[in-house]
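Please look through the sequence and the model before reading on. The report is written for someone who has not met this structure before.

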Amino acid sequence: MILFAKTLSWTFRPPLQGREIIKQMQEVGVRSFPVVIITAAFTGMVLALQSYTGFKRFGAETMVGTVVALSVTRELGPVLTGLMVSGRVGSAMAAELGTMRVTEQIDALYTLATNPIKYLIVPRFLAALIMLPVLVIFADVIGILGGYLVGVQILGANPTIYIRRTWNYLELSDLYSGLLKAVVFGMIIATISCYQGFSAEGGAEGVGRATTKAVVVSSLTILISNYFITAFLF
Amino acid sequence: MSRNSDPKIRVVNLFKSFAEKEVLHGVNLEVRQGESMVVIGGSGSGKTVLIKCIIGLIQPDEGEIYVDGQEISALSEQEMNEVRKKFGMLFQGGALFDSLSIWENVGFGLRQHKRLGDEEIRRIATEKLALLGLRNIEDIMPAELSGGMKKRVSLARAIAMEPEILLYDEPTTGIDPVMADAINELIIRMREQLNMTSIAITHDMTSAYKIADRIAMLYQGEIVEVGSPEEIKSSVNPIVQQFIHGRSEGPIKVL
């Protein structure tokens, strides 16, 4: 929490570490893209399959498109993206900062009169905060597309009705709530992972512990905060 | 030259403990302008903690540290950063930034604190590297260097901002004797050419005799003796005698 407050206060102090922010945005955003896309596609696909099985029992197969769209945008898009990114990026952040801690690179930053929060944490924090919503938008689109493919191609739904059902019941607020979650998840991943890396001690073993902890704690925090954001918003 | 009598760095009655274990137990030390001070002592005697206190990486529990007459232990982060600009530090393992190339490492301080373009920074970095006998390594990454090379690059990074004070953490530990002697030569040259004040911590006596104007011995968290290399060699203190001759028998209990 203290680190979060310090990070926020350093975020608004010039100069901005432009070079580092761009580097981190690539790491968080661009490199996570394939993982997020595959996750979203198959989630959308399996959702269509499962909800079809369920809805068929009371003759509501045409609602598949709606269910896929709502689940993906409101829930699964942001949560699964958050979990995948915390596994991929959170672990990398903790491992990198942890290694820098135990090899005195963080001390070296201080001796070069550079605040490590400003130089190391703020760029990661901003990158996660900006790139997570972007990834979620892609995940939403791909997830819905995956559902459509399964619904239309495999389950034989009528394409026009499927699309109409998707659009008619989908509101902008569904999308916004998902994106708000993404921003919060981004902050959670960066803050927790950087904190774990920063406070690593005890050589390689310590770095390993910090990495595991970063992923476990940020994943759990994402799941728990997801419930509370949903509960407050609706 | 009236300030010449004032010490560049003055450490007064410094205490520091980590979880029950007292590491520094009232350390007093003065380092004069332009002097090369070497702090010797066994592993775990608190040498590293002492220099990390001086550059503000560790907060002492008690006591004062004066740099150019300014007390530093109560400074804010920003004020401390200004004081740190007077310092350069060579870390034991080099502590080069893994993700940056050699010239970016050396030019790190310049990029953070001076409004210079990449070309200018690179030029200065190349010049500092050449001063340490390193050529054509600007674009490679730290992981590709040997231990001795890393130390020299780290030294280039420490002097890139032309600091007034250099701190050396075990400059000759972990490298071969020839390279160690080359590092000693470089440290002497830094002092002569750039007129820097320096504090080195080491347990390598060959190095200590070679680079020191004065040597201070740290034992059980206190400075037990300070003097020129000659004075240290002829010290009557049995602790000092045992340490400089590397005997396992004596007042210092190792087992």
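What follows is a report on a predicted model, going from a sheet to helices, aromatic rings and a few single residues.

**The sheet of chain B**

In chain B, 6 strands make up an open sheet, arranged in the order S6-S7-S8-S3-S9-S10 and with mixed pairing. The edges of this sheet are S6 and strand S10 (222–227) of chain B, each of which pairs on one side only. Averaged over the sheet and with direction ignored, neighbouring strands are turned by 20° against each other.

Strand S3 (residues 36–40) of chain B deserves a closer reading. It is mostly covered, with 5 of its 5 residues buried. The cover reaches both faces of S3(B), since B:Ser36, B:Val38 and B:Ile40 are buried on one side, and B:Met37 and B:Val39 are buried on the other. Along one flank, S3(B) pairs in the parallel sense with strand S8 (residues 197–202) of chain B, over 5 bridges, and S3(B) also pairs in the parallel sense with strand S9 (residues 214–219) of chain B, over 4 bridges.

Which residues stand opposite those of S3(B)? The table gives bridge partners for B:Val38 and B:Ile40.

| Residue in S3(B) | Partner | Partner strand |
|---|---|---|
| B:Val38 | B:Ala200 | S8(B) |
| B:Ile40 | B:Thr202 | S8(B) |
| B:Ile40 | B:Met217 | S9(B) |

Helix H1 (residues 47–54) of chain B lies across several strands, namely S3, S6, strand S7 (165–169), S8 and S9 of chain B, and it runs at about 155° to S8(B).

**Helices of chain A**

In chain A, helix H6 (residues 116–154) and helix H7 (residues 159–169) pack at an angle of about 150°, and their axes are 10 Å apart. The crossing of H6(A) and H7(A) is right-handed. On the side of H6(A), the residues that take part in the contact are A:Ile144, A:Gly147, A:Tyr148, A:Gly151 and A:Val152, and they meet A:Pro159, A:Tyr162, A:Ile163 and A:Thr166 in H7(A).

Another residue of chain A to look at is A:Gln196, which is placed in helix H8 (residues 172–198) of chain A. Is A:Gln196 buried or exposed? Its relative accessibility is 11%, so A:Gln196 counts as buried. Leaving aside residues up to four places away in sequence, A:Gln196 touches A:Ala210, A:Lys213 and A:Ala214.

**Aromatic rings and charges**

Over all chains, the structure holds 6 aromatic pairs. One of them joins A:Tyr227 and A:Phe228 in an edge-to-face arrangement, with 5.3 Å from centre to centre and 85° between the planes. A:Tyr227 counts as exposed because its relative accessibility is 55%, while A:Phe228, with a relative accessible area of 45%, is partly exposed.

A further pair, formed by B:Phe97 and B:Phe108, is tilted, with 4.8 Å from centre to centre and 50° between the planes. This pair links distant parts of the chain, as B:Phe97 lies in the loop between strand S6 (87–90) and helix H3 (102–106) of chain B and B:Phe108 lies in helix H4 (residues 108–113) of chain B, 11 residues apart. Both rings belong to residues that count as buried, B:Phe97 because its relative accessibility is 2% and B:Phe108 because its relative accessibility is 4%. Ring pairs also bring in a residue of chain A, since A:Tyr119, B:Phe97 and B:Phe108 are linked into a cluster.

Charged side chains are found over rings as well. B:Arg157 lies over the face of B:Phe97, at 4.7 Å from the ring centre, and the charged end of B:Arg10 sits over the ring of B:Tyr66, 4.8 Å from its centre.

**Two residues with a positive phi**

Most residues other than glycine have a negative phi. Against that background, B:Ala19 may be noted, as it is not a glycine and yet has a positive phi of about 35°. B:Ala19 is found in the loop between strand S1 (7–18) and strand S2 (21–32) of chain B, and B:Ala19 is exposed because its relative accessible area is 76%. B:Asn195, which is not a glycine either, has a positive phi of about 55°, and the place of B:Asn195 is in the loop between helix H7 (177–194) and S8 of chain B.

Technical notes
Residues are numbered from 1 along each chain as its sequence is written. Chains are lettered from A and ligands numbered from 1 in the order in which they are written. This is a predicted model: local features need pLDDT of at least 70, side-chain atom pairs count only at pLDDT 80 or more; totals for chains, interfaces and linings use all residues. Side-chain values use heavy atoms; hydrogens and water are left out. Rings of Phe, Tyr and Trp (its six-membered ring) pair if their centres lie within 6.5 Å; planes under 30 degrees apart count as stacked, over 60 as edge-to-face and the rest as tilted. Buried means under 20% relative accessible area, exposed over 50%, partly exposed in between (1.4 Å probe, protein chains only). A charge sits over a ring if NZ of Lys or CZ of Arg is within 6 Å of the ring centre and within 35 degrees of the ring normal. Two strands pair if DSSP finds at least two bridges between them. Axes are lines fitted to C-alpha atoms, for helices over the stretch in contact, and angles run from 0 to 180 degrees between N-to-C directions. A crossing is left-handed if the near helix is turned anticlockwise from the far one by less than a right angle, and right-handed if clockwise. Contact means heavy atoms within 4.5 Å.
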